[in-house]
Amino acid sequence: MKRLDALRQEVLEANLALKEKNLIISTWGNVSVYDAESGVMIIKASGVPYDSMGLDDMVAVDRDGQVIDSAKRPSSDTPPHLYLYRHFAGEGVRSIVHTHSQYATIWAQSCLPLPCYGTTHADYFHGPVPCTRQMSDEEIRERYEENTGKVIVEALAHTNPIHTSAVLVASHGPFTWGKNPTDAVFHAEVLEYVAKMGLYNRLLTPDIVPAKESLSDKHYFRKFGPGAYYGQP
């Protein structure tokens with residue numbers, strides 16, 4: 001129980017950080033954290049306003065999505081979060097963020113990937129941020145939320161989810177993740193920042209091309225590669 005209480009506090013703080021960083025309004029977002037040892041995930045309760053959110057609104061569920069010791073419904077996005085942990089936890093993913101932040105959602109609603117136009121993007125995302133395919137009518141009618149997770153995993157089939165820790169769900173919005181809630185929220189913030197820059201790049205230079213791959217690789221791997229040298233040891 002002490003472990004779950006600590007995780008609830010982490011998830012609450014991460015959810016509140018989304019509001020502080022202007023990445024959400026109303027109830028439009030959620031953060032989860034996954035405890036690999038117990039198989040428990042904690043996520044915000046469904047439809048809870050951020051202005052009145054507390055620890056009791058952080059709901060624990062098991063690997064099958066069954067609620068543990070709470071009378072509240074977990075977020076309706078619980079199935080895609082669980083689906084992503086099933087596929088990405090082995091890579092070290094321990095926290096997931098979903099928002100409808102404005103600029104990232106503009107790209108998602110346009111059903112477009114976000115190209116890497118420069119080193120600001122390359123410092124945190126290796127290559128373009130992919131956009132999922134649109135779901136079929138059947139996928140929307142049946143098991144819609146879980147199928148959201150499915151199309152995300154498909155979109156990242158040939159990508160290391162730690163190196164490209166974000167995706168745009170077509171006609172929907174962004175998901176980001178990380179090794180902890182702080183990383184996952186930070187990636188949501190960076191994604192929104194580069195999505196805004198990418199939109200203005202397109203407006204200023206309609207025929208803009210992505211940054212050279214060698215430059216993108218240099219900036220990403222000098223921070224996160226095996227021979228990383230950016231920052232302090």
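Two strands are said to pair if DSSP finds at least two bridges between them. In this predicted model, strands β2 and β3 meet that condition, pairing in the antiparallel sense over four bridges.

**Strand β3 and its neighbours**

Within the pairing of β2 and β3, A60 is the bridge partner of I42. Strand β3 is also joined to strand β4 (residues 67-68) by two bridges, and these two strands run antiparallel. Here the bridge partner of A60 is I68. The hairpin of β3 and β4 has five residues between the strands, and G65 takes a positive phi near 85° in it.

In a regular strand, side chains alternate between the two faces of the sheet. Both faces of β3 are covered: M58 and A60 are buried on one side, and V59 and V61 are buried on the other.

**Helix α2**

Helix α2 spans residues 78-88, and eight of its eleven residues are buried, so the helix is largely enclosed by the rest of the structure. Among the buried residues are H81, L82, Y83 and L84. The buried residues of α2 pack against several elements, including β2 (40-44), β3 (58-61) and α6 (144-155).

**Salt bridges**

Side chains of opposite charge can pair when their charged atoms come close. The count in this structure comes to ten salt bridges. Three of them are listed below with the distance between N and O atoms.

| Salt bridge | N to O distance |
|---|---|
| D5 and R8 | 3.6 Å |
| R133 and E139 | 2.7 Å |
| E139 and K150 | 3.4 Å |

D5 and R8 are three residues apart in helix α1 (residues 2-20), so they are separated by about one helical turn. D5 is partly exposed at 42% relative accessibility, whereas R8 is buried at 9%.

The salt bridge of E139 with K150 links distant parts of the chain, with E139 in helix α5 (residues 137-141) and K150 in helix α6, eleven residues apart. E139 counts as buried because its relative accessibility is 10%, which is under 20%. R133 is partly exposed at 34%, and K150 is partly exposed at 31%. Together with E154, the residues R133, E139 and K150 are linked in a network of salt bridges.

**Aromatic residues**

The whole structure contains six aromatic pairs. In one of them, the ring centres of Y220 and F221 are 5.3 Å apart and the planes are at 90°, so the pair is edge-to-face. Y220 is buried, with 3% relative accessibility, while F221 is partly exposed, with a relative accessible area of 28%. Ring pairs link both residues with Y124, F186 and F224 into a cluster. Elsewhere, K223 lies over the face of Y230, 4.5 Å from the ring centre.

How values were computed: Residues numbered from 1 in each chain as written. Predicted model: local features only at pLDDT ≥ 70, side-chain atom pairs only at ≥ 80, totals over all residues. Heavy atoms only, no water. Phe/Tyr/Trp six-rings, centres within 6.5 Å; stacked < 30°, edge-to-face > 60°. Buried < 20%, exposed > 50% of the residue type's maximum accessible area, 1.4 Å probe, protein only. Lys NZ or Arg CZ within 6 Å of the ring centre and 35° of its normal. Contact = heavy atoms within 4.5 Å. Salt bridge = Lys/Arg side-chain N within 4 Å of Asp/Glu carboxyl O.
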